[in-house]
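Reader: Could you walk me through this fold, one question at a time? I have the model open beside me.

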Amino acid sequence: MLRYGIERFEMSHGPFGEFSTIATSYVTSLVSNGFLARNGWSVNRDDKESAIWLSGTLCHDTALQDAQTNPRLLDLRHSLESHLIEKSDVQYFESTNSEDDHYCAHKKWESLMLVCDTIYGVSSVKCTECDGIVAIYRLEPSSELASRLWSWDSQYAAIDACWVASGEYELWAGNELFDIKSKLNKCGLEIAATMTHEMDCEVRYFLPTDEGVRHISCPQCGGHFQKIHTPQYNAICDKCKIVTQH
Ligand SMILES: [Zn+2]
Ligand SMILES: [Zn+2]
């Protein structure tokens, strides 16, 4: 079950506008560094009480606490804290509509899968052993890899939205999503290969299929698939590390 966090900051002195800007950069960094889900985060401002609430779905059980010690977020955190009366107040709730989702509790991984979470935008990395969500920050990616992942994930979600909307861009978006040779999938495969190298663990790439379409052989190398059984896919090409429906 996913959790939702709300962090409240109460300010001691002005100007409130500056504080509000720092709080917004802090929360956007939480999202791009993989602490909070891409979808559904918010910054709410209460001018009367000089307070701000940051909220979003956590990408791991301890995501907001972990963020307090992450070197990339410490500077922003310090700027926030210099404006505060006392320590911020954090509350956690169970996130709605997430009964089937869970966090991976493993600390080391033999194999991971790159798959965009187009619905909640929690994390584009899953553990293949327990099928749990692995928050990006837990993988301690280099800043270059983190920003490539963030950019790919956001573009994937936007293209998926074009496909779901069934409008003018449906055909183009469908090609981007389902054709292994598309720019989007080429970029995803390159990221999976970099992750495999940087994280010293196998990173597979999920290729979705259009309804009713099944791949007879690996769309990348034409080789035979090995069978595996999960709700989302049933085949893997051991050479290309592509997982899909056979
Ligand atoms: Zn796991
Ligand atoms: Zn292949």
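The questions below go through the domains, then the sheets and helices of a predicted model.

Reader: Glad to start simply. How far apart are the centres of domain 1 and domain 2?
Author: Happy to help, and do keep in mind that this model is predicted. The domain assignment gives domain 1 as 3-94 and domain 2 as 111-244. Taken over C-alpha atoms, the centres of these two domains are separated by 30 Å.

Reader: Which class has seven residues on the side of domain 1 that touches domain 2?
Author: The contact between the domains involves 13 residues of domain 1 and 14 residues of domain 2. On the domain 1 side, four of the residues are nonpolar and two are charged. The class with seven is polar.

Reader: Let's look at the sheet of four strands. Which strands stand at its edges?
Author: This open sheet has antiparallel pairing and the order E2-E3-E1-E4. An edge strand has a single partner strand, so one side of it is left without a neighbour in the sheet. Here the edge strands are E2 (42-46) and E4 (89-94).

Reader: By how many degrees are neighbouring strands of that sheet turned against each other on average?
Author: The strands in question follow the order E2-E3-E1-E4. With direction ignored, the average turn between neighbours is 15 degrees.

Reader: Which residue in E3 stands opposite Tyr4?
Author: Start from the pairing of E1 (residues 3-10) with E3 (residues 51-57), which is antiparallel and has seven bridges. Within E3, the residue opposite Tyr4 is Thr57.

Reader: What is the angle between H1 and E3?
Author: Helix H1 covers residues 16-32 and lies across E1, E2 and E3. Its angle to E3 is about 10 degrees.

Reader: Are H1 and H3 roughly parallel or roughly antiparallel?
Author: H1 packs with H3 (residues 71-81) at about 155 degrees, and their axes are 9 Å apart. An angle over 145 degrees counts as roughly antiparallel. H1 and H3 are therefore roughly antiparallel.

Reader: And how many nonpolar residues are in the contact of H1 with H3?
Author: From H1 come Ile22, Ala23, Ser25, Tyr26, Ser29 and Leu30, which meet Arg72, Leu73, Leu76, Arg77, Ser79 and Leu80 in H3. Three residues of this contact are polar and two are charged. The nonpolar residues number seven.

Reader: Now for the sheet of six strands. Which strands are at the edges there?
Author: This second open sheet has mixed pairing and runs in the order E6-E5-E7-E10-E9-E8. Each edge strand has a single partner, so one of its sides has no neighbour in the sheet. The edge strands are E6 (125-127) and E8 (226-227).

Reader: Which residue is the bridge partner of Lys227?
Author: E8 pairs with E9 (residues 235-237) in the antiparallel sense, over two bridges. In E9, the partner of Lys227 is Ala235.

Reader: Do E5 and E7 run parallel or antiparallel?
Author: One bridge to find in your viewer joins Ser111 to Glu202 in E7. Helix H6 (residues 183-199) lies across E5 (111-114) and E7 (202-206), at about 165 degrees to E7. Four bridges join E5 to E7, and the direction of this pair is parallel.

Reader: What stands opposite Met113 in E6?
Author: E5 is also joined to E6, by three bridges in the antiparallel sense. Opposite Met113, the residue in E6 is Lys126.

Reader: Are H4 and H5 oblique or roughly antiparallel to each other?
Author: H4 (residues 143-164) and H5 (residues 170-178) pack with axes 8 Å apart, at about 135 degrees. Roughly antiparallel needs an angle over 145 degrees. The two helices, H4 and H5, are therefore oblique.

Reader: One last pair: is the crossing of H4 and H6 left-handed or right-handed?
Author: The axes of H4 and H6 come within 10 Å and cross at roughly 150 degrees. That angle is over 145, and H4 and H6 are therefore roughly antiparallel. The handedness of their crossing is left-handed.

Key:
Residues numbered from 1 in each chain as written. Chains lettered and ligands numbered in written order. Predicted model: local features only at pLDDT ≥ 70, side-chain atom pairs only at ≥ 80, totals over all residues. Pairing = 2+ DSSP bridges. Axes fitted to C-alpha atoms, helices over the stretch in contact; angles between N-to-C directions. Contact = placed C-beta atoms within 7 Å. Domains from an automatic or database assignment. Nonpolar A, V, L, I, M, F, W, Y, C, P; charged D, E, K, R; others polar. Parallel < 35°, antiparallel > 145°, perpendicular 65-115°, else oblique. Left-handed = near helix turned anticlockwise from the far one by under 90°.
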